[in-house]
Amino acid sequence: MVISYGEVSTIGGVLMNELSLFTLALGFTKPWKVVEIKFSKESGRLDLRIDFPRGTTFPCPSCKEGECQVHDTKDRTWRHLNFFQYETYLHARVPRVNCRECGIKQVEVPWSRPGSGFTLLFEMMVLQLSREMSIAAVAGLVGVHANRIWRILEHYVERARKEVDLSEFHILGIDEFSVRKGYEFMTAFSDIDASRIVFTGESRREEAIDEFAKDMESRGFDLDGIELICCDMWDPYLNGIEKHLPQASVVFDRFHIIKKMNKAIEMVRWAEQKENQELKKTRFIWLKRPENLTEKQEAKLAELKKLDLKTARAYQIKLALSRFWEIKSLEESELYLKKWYFWATHSRLKPIIEVAKAIKHYWQGVINYTLSRITNGVVEGLNSKIKTAMKRAYGFKKTQYLRTIVYLIAGKLCFN
Ligand SMILES: [Zn+2]
């Protein structure tokens, strides 16, 4: 079916033909208008041809000046939003103009960005869908190869990242996250106050901090603005911090230290359950915070505590350590940690002693917590967003793709 000029319908009492109706609905402005509509039910396609009248002049796309004559035109096609279930394509001859100052230049069309085979509206839809479902699913839904979906996302994400306001960025969070089923790690750098990931490093090596420094400088951010860094007890990070951010105080946050403690408890339990069947299937009882246990788990814990278990001892040491983060005064907290250290190192539980030694080694960073106002909440929240991002990227391995999806999900970007 081809609709041509002359078929008339009315809208709001205004007389207009269907071509102008489409021109209006699609938001085309002068000199562009829809001149032909081809609808094919068999192939499930709607094709719209857009054109400008003969003799139209365009301002130069470089200097924005003048009324330049059209030099020549090139036929191009863009994928547009589906019209119900029909894939919709726009076709137009895109002019090159002859500017007196700049020479021959390609005119930019208002419905698409230069070089893209999609309309802006289509790209906005892809962006929205990608925040809600996996990229493989988005590609399947719109019938476009996933690599092209990634290219769209990359473009908008990079553009939006340049717009992020970093003027209030003073507390930096550095955290590893696992990719490729946990075989490899990348590093997330976050603005803790804004609870936003500002950068991702390719590895968890010292180079990740170099990459971060370079990216921030390219965005006009002065690294001296960072006052506090919240990170894991991980020497490659600390070496990088000393190199690029020597002025900042380092804080080892509660979240990471408790994670280490939980691993240690798990090792103690694993060894002990070989002799004691009671410990089987109790993993989560020891890892959860006491207030988060179910009634059934609470009863089980009470029962286990009666037995003289190494695991229960390790668990008590963890609870004692978590009390450290509730202490408000610096003097008191340091005294408390010293006592805890003595207890832990005399526990005769090797994994626990190792955690205690790590705390001793990074003492100042642990104590610094009392000075800071860093909360675990932000770190935990960002971690769960990264997990979501990794699910969205399932099936794709390219580092650039993983970065893009993390920024999309956890970067608090604005796409206007
Ligand atoms: Zn020009």
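The paragraphs below lead through selected features of this structure, which is a predicted model.

We begin with the backbone. Lys30 and Pro31 are joined by a cis peptide bond, with an omega of about 5 degrees. Pro31 belongs to the loop between helix α1, residues 18–25, and strand β4, residues 33–40. Two further residues deserve attention for their phi angles. Phe84 is not a glycine, and yet its phi is positive, at about 50 degrees. This residue sits in the loop between β6 and β7. Because its relative accessible area is 70%, Phe84 counts as exposed. Arg348, likewise a residue other than glycine, has a positive phi near 60 degrees. Its place is the loop between α11 (330–345) and α12 (350–361). With a relative accessibility of 72%, Arg348 is also classed as exposed.

The next topic is the pairing of opposite charges. How many salt bridges does the model contain? The count comes to 18 salt bridges. One of them links Arg96 to Asp72, and the closest N and O atoms of this pair are 2.9 Å apart. Arg96 belongs to strand β7 (residues 86–99) and Asp72 to strand β6 (residues 69–83), so this salt bridge ties together parts that lie 24 residues apart in sequence. Arg96 is partly exposed, since its relative accessibility is 34%. Asp72 is partly exposed because its relative accessible area is 29%.

A second salt bridge is formed by the side chains of Arg113 and Glu123, at 3.0 Å from N to O. Arg113 is placed in the loop between β8 (103–106) and α2 (120–132), whereas Glu123 is part of helix α2; the pair therefore ties together parts that are 10 residues apart in sequence. Are these two residues buried or exposed? Both Arg113 and Glu123 are buried.

Salt bridges may also share partners. In this way Glu36, Arg49, Asp51 and Arg93 are joined into one network. Within this network, Arg49 forms a salt bridge with Asp51, and their closest N and O atoms are 4.0 Å apart. The two partners may be considered in turn. Arg49 has a relative accessible area of 36% and is therefore partly exposed. Asp51 has a relative accessibility of 14%, so this residue counts as buried, the cut-off being under 20%.

We now turn to charge on the surface. Which residues gather in a patch of positive charge? They are Lys259, Lys263, Lys387 and Lys391. The elements that contribute two or more residues to this positive patch are α7 (254–272) and α14 (376–392). Lys259 is a residue of helix α7. Its relative accessibility is 36%, and for this reason Lys259 counts as partly exposed.

Helix α7 also holds Ala271. This residue is partly exposed, because its relative accessible area is 43%. Ala271 and Gly225 are separated by 46 residues in sequence and by 47 Å in space, taken from C-alpha to C-alpha. Beyond the helix, Gln273 is found in the loop between α7 and α8 (283–287). Gln273 has a relative accessibility of 9% and so counts as buried. When neighbours within four places in sequence are left aside, Gln273 is in contact with Leu279 and Lys280.

The last residue to consider is Val179. It lies in strand β9, which covers residues 171–179. Why is Val179 classed as buried? Its relative accessible area is 1%, and a residue counts as buried because this value falls under 20%. Apart from neighbours within four places in sequence, Val179 is in contact with Glu184, Phe185, Met186, Met390 and Leu402. Another pair joins this residue with Ser322: Val179 and Ser322 are 143 residues apart in sequence, and their C-alpha atoms are 29 Å apart in space.

How values were computed: Residues numbered from 1 in each chain as written. Predicted model: local features only at pLDDT ≥ 70, side-chain atom pairs only at ≥ 80, totals over all residues. Heavy atoms only, no water. Patch = residues over 30% accessible without salt bridge, like charges linked within 9 Å, V, L, I, M, F, W, Y side chains within 5 Å. Areas by Shrake-Rupley, 256 points an atom, 1.4 Å probe, with all protein chains shown as cover. Lys, Arg positive; Asp, Glu negative; His and termini not counted. Charge placed at Lys NZ, Arg CZ, Asp CG, Glu CD. Helix = DSSP H or I, 4+ residues; strand = E, 2+ residues; numbered from the N terminus. Buried < 20%, exposed > 50% of the residue type's maximum accessible area, 1.4 Å probe, protein only. Contact = heavy atoms within 4.5 Å.
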